[in-house]
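Colleague: I have a structure to go through before I plan my week. Could you take my questions one at a time?

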Amino acid sequence: MGTPLRVLIIEDSDEDAVLLVEALRRGGYDPTYERVDTAEALNAALVDRSWDISFGDYSMPYFNGVTALRLLRAKGLDIPFIFVSGTIGEDTAVEAMRNGANDYVLKGNLKRLLPAVDRELREAALRRERKKSSEALMESEERLRMAIHAAQMYTWDWDVQSGRVIRSGLYQEVYGPDRTASDSSYASFLQRVHPEDREKVDQAIRRTLDENAPYRISFRVVRSDGDVRWLETQGEAYRDGTGKVVRMIGVTQDISERKQVEALVQQMAFHDTLTELPNRNYLYDRLLDAIRVDEAKGRPFALLLMDLDRFKEINDTLGHHRGDLLLKEAGRRLKAVLFEPDIVARLGGDEFAILLPRLARVEDIHQVIQKIQEALRPPFVIENLPIAVEASIGVALYPDHGDTPDSLLQRADIAMYAAKQTGRSEAIYDPQYDQHSPRRLALIGELRYAIDHDQLRLHYQPKIDFNTRRVVGVEALVRWQHPEYGFVPPDQFIGPAERTGLIKSLTQWVFETALRECGAWGRSGMDVAVSVNLSARNLQEPGIVERVAEGLRSAGVAPDRLMLEITESAIMADPNLAMEVLTGLSRMGVGLSIDDFGTGYSSLAYLKRLPVDEIKIDKSFVIGMASDENDAMIVRSTIDLAHNLGLKVIAEGVESQDLWKILSVLGCDEAQGYYISRPLPAPEATRWLAESPWGIQKNN
Ligand code: C2E
Ligand code: CA
Ligand code: CA
């Protein structure tokens, strides 16, 4: 068997074609061929692009070999074309080659045919190879160019002898406008480096020139417009045969944004922006210190945890602005009664911690607690409104109750809870507190009743678009107004409701209420979408999709005004089922959001296969971003990856302006959090929507 060969023959004589094919067969090929003798037939044959070689008769009655050749080349086909002709003079041959033929052979002398075919096939294969690699090269150059652009980079190549520098990429953007080619000398480069960094840069470059070690430094430059930018550069020296440096090549990246974020993160790492007290991280480190000191000196210490009773109620009824003022004042009062080396920290919300690292006697704790209670006793006057505040304090002692920061914090928390339970204002940890949660159990029994007897309420928390700075929607969050215990937060009853199946009625209630209230906003000209949380159990309810459709219909709310939030873990609990339900909801036009993203084990790539619209970065990462570089990295890369997959990103837990700023720099799409507003009861939410400076986004 010879080498398979697909042959296209442009020839009016069948016999001549057969002769040609015979010659190829004798030469060790296994040809299959098609003969054409009109332009139409040739066109039709060229639809198939798998021809290895073509032969053309120079002159045919109805068709011309040169025309055929042009046709073939016009289609961009790089198939070897060999003229085979009975009559071809030297001049004609030259003309044929000029027209793009690869060779010519006389019919009477087919001896030249095989070497010509062999050679042309070889060369065609080579051409194809070259084309492929140059395409690959172009593609990789294009990719590199894009990457350089995305990374805010430029590359440079410095000819050390002549002083010439060639740069490509975002050079202009980095150094600012009006830069001329003439100032590419080393001296003028150094001139643009920030005076404080100049020596460092010069030294690094000289060291590389002398010692041959590549360098990597970050430094500032002052742009022509006065702006200061942070750059990071990596360079390497190249030497000639004699060891003299001839070139330096490197990459420079504009890292100003990164520096900005790093600086904020640093600043926020150990300190609470609202009260200006140290934060949880700081306390944690000091706890570690205290434990270490004790290992050397054997000194016990106390950790106090304190929260303000009914703060959430105060906050919800008077507004979070007043709540914040109250927290600030509480911080000030605490600081005023405690002295070095005691540490007062705010752990978040209305929770404060006090570390008493030098405790001579346990009895002294009571004295400190008394001082604290007295400091809080005078009413807080917030915007002329006197507010009475009481605190519950839990105490854990080192080393009796724990010997790590975590165990101490946890025990102090248990003690604080016990203090609330018993109605006393303070409690020192006791192991018997661990098991007691009778109130929680009682609650479950009452939840059914609560759902049916109008004890549940929805609070709404706005979501803001970073670009327009307007409200795009609100999230409905359920609360339980217990006749006896007062306000019960959802964390205390959602879990049990899921376990007992009550979640089904609860969600139905939330869904109906949210749609009704959202529909009312819509009709009064406040067009906001509403988000409702679904739990894993809801996904398993048969007919859930139909129920949502029915709910929308009867409330008269358009499907795109509803967004359903489903946690990552609820999806992962049964991915197939989730896919089915989400597909149904998405077809209907309902928006879908992945809640608490980052807390589960799914990958973004997997979630992308689901018909979801946005992901909601879990508040633990968002809040943690301020103090933990890891969290900051997670947030940053989640945003980038989600965007690459065409998903929107919303950050929850945006508690401060600093967080808002960082997220804005990182390109996050939407924000939700205390910085914008706490969740508000419907009447307040209505007022907020009408009056807040954020305003509502028009027709989305
Ligand atoms: P989630 O869906 O992640 O809701 C966001 C929670 O973060 C809310 O707590 C909200 O008040 C709180 N939050 C908002 N902004 C900030 C902030 O800036 N900082 C901090 N630290 N927290 C912020 P909430 O209302 O206590 O709800 C807790 C969880 O209870 C919700 O978490 C959700 O999982 C569940 N939940 C609430 N309502 C419903 C509901 O109607 N159905 C279901 N299935 N679950 C619900
Ligand atoms: Ca949610
Ligand atoms: Ca969440």
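Modeller: Yes. One definition comes ahead of the metal site: a donor is an N, O or S atom within 2.8 Å of the metal, or within 3.2 Å for Na, K and Ca. Note also that this is a predicted model.

Colleague: What spacing do the donors of the calcium ion (ligand 2) follow along the chain?

Modeller: The protein donors are E475 (OE), N533 (OD1), E565 (OE) and D595 (OD). They lie 2.1 to 2.3 Å from the ion, within the 3.2 Å allowed for Ca. Read along the chain, their spacing is E-x57-N-x31-E-x29-D.

Colleague: How many residues apart in sequence are the parts that the pair E565 and D595 ties together?

Modeller: E565 belongs to strand 22 (residues 562–567), while D595 belongs to strand 23 (residues 591–597). Both are buried: E565 has a relative accessible area of 1%, and D595 has 6%. Because the two donors sit in these two strands, the pair ties together parts whose separation in sequence is 30 residues.

Colleague: Which residue bridges the calcium ion (ligand 2) and the calcium ion (ligand 3)?

Modeller: The two ions lie 4.1 Å apart. One of the protein donors of ligand 2 is also the bridge to ligand 3. That residue is D595.

Colleague: Which side chain has an N or O atom 2.7 Å from a nitrogen atom of ligand 1?

Modeller: Ligand 1 is surrounded by 22 residues, the closest being Q461, R479, D595, E655 and Y674. Q461 places a polar side-chain atom 2.8 Å from a nitrogen atom of the ligand, and K619 places one 3.2 Å from an oxygen atom. The 2.7 Å contact to a nitrogen atom belongs to E655.

Colleague: Which helix gives the most to the largest nonpolar core?

Modeller: The largest nonpolar core has 83 residues, and Y460, L562 and L663 have the most contacts inside it. The top contribution to this core is nine residues, and it comes from helix 17 (residues 503–523). A second, separate core of 33 residues includes L327, V337, L376 and V389. For the largest core, then, the answer is helix 17.

Colleague: What distance does helix 12 reach from its first C-alpha to its last?

Modeller: Helix 12 (residues 320–337) has 18 residues. Among its buried residues are L327, A330, L334 and V337. At 1.5 Å a residue the expected span is 26 Å, and the helix comes close to that, reaching 26 Å.

Colleague: How far apart are the centres of domain 2 and domain 4?

Modeller: The domain assignment places domain 2 at 151–254 and domain 4 at 441–691. Taken over C-alpha atoms, their centres are separated by 49 Å.

Notes. Residues numbered from 1 in each chain as written. Chains lettered and ligands numbered in written order. Predicted model: local features only at pLDDT ≥ 70, side-chain atom pairs only at ≥ 80, totals over all residues. Heavy atoms only, no water. Helix = DSSP H or I, 4+ residues; strand = E, 2+ residues; numbered from the N terminus. Buried < 20%, exposed > 50% of the residue type's maximum accessible area, 1.4 Å probe, protein only. Expected span 1.5 Å × (residues − 1). Domains from an automatic or database assignment. Core = buried A, V, L, I, M, F, W, Y, C linked by side-chain atoms within 4.5 Å. Near = heavy atom within 4 Å. Polar contact = N/O pair within 3.5 Å; in protein donor to acceptor, adjacent residues only side chain to side chain.
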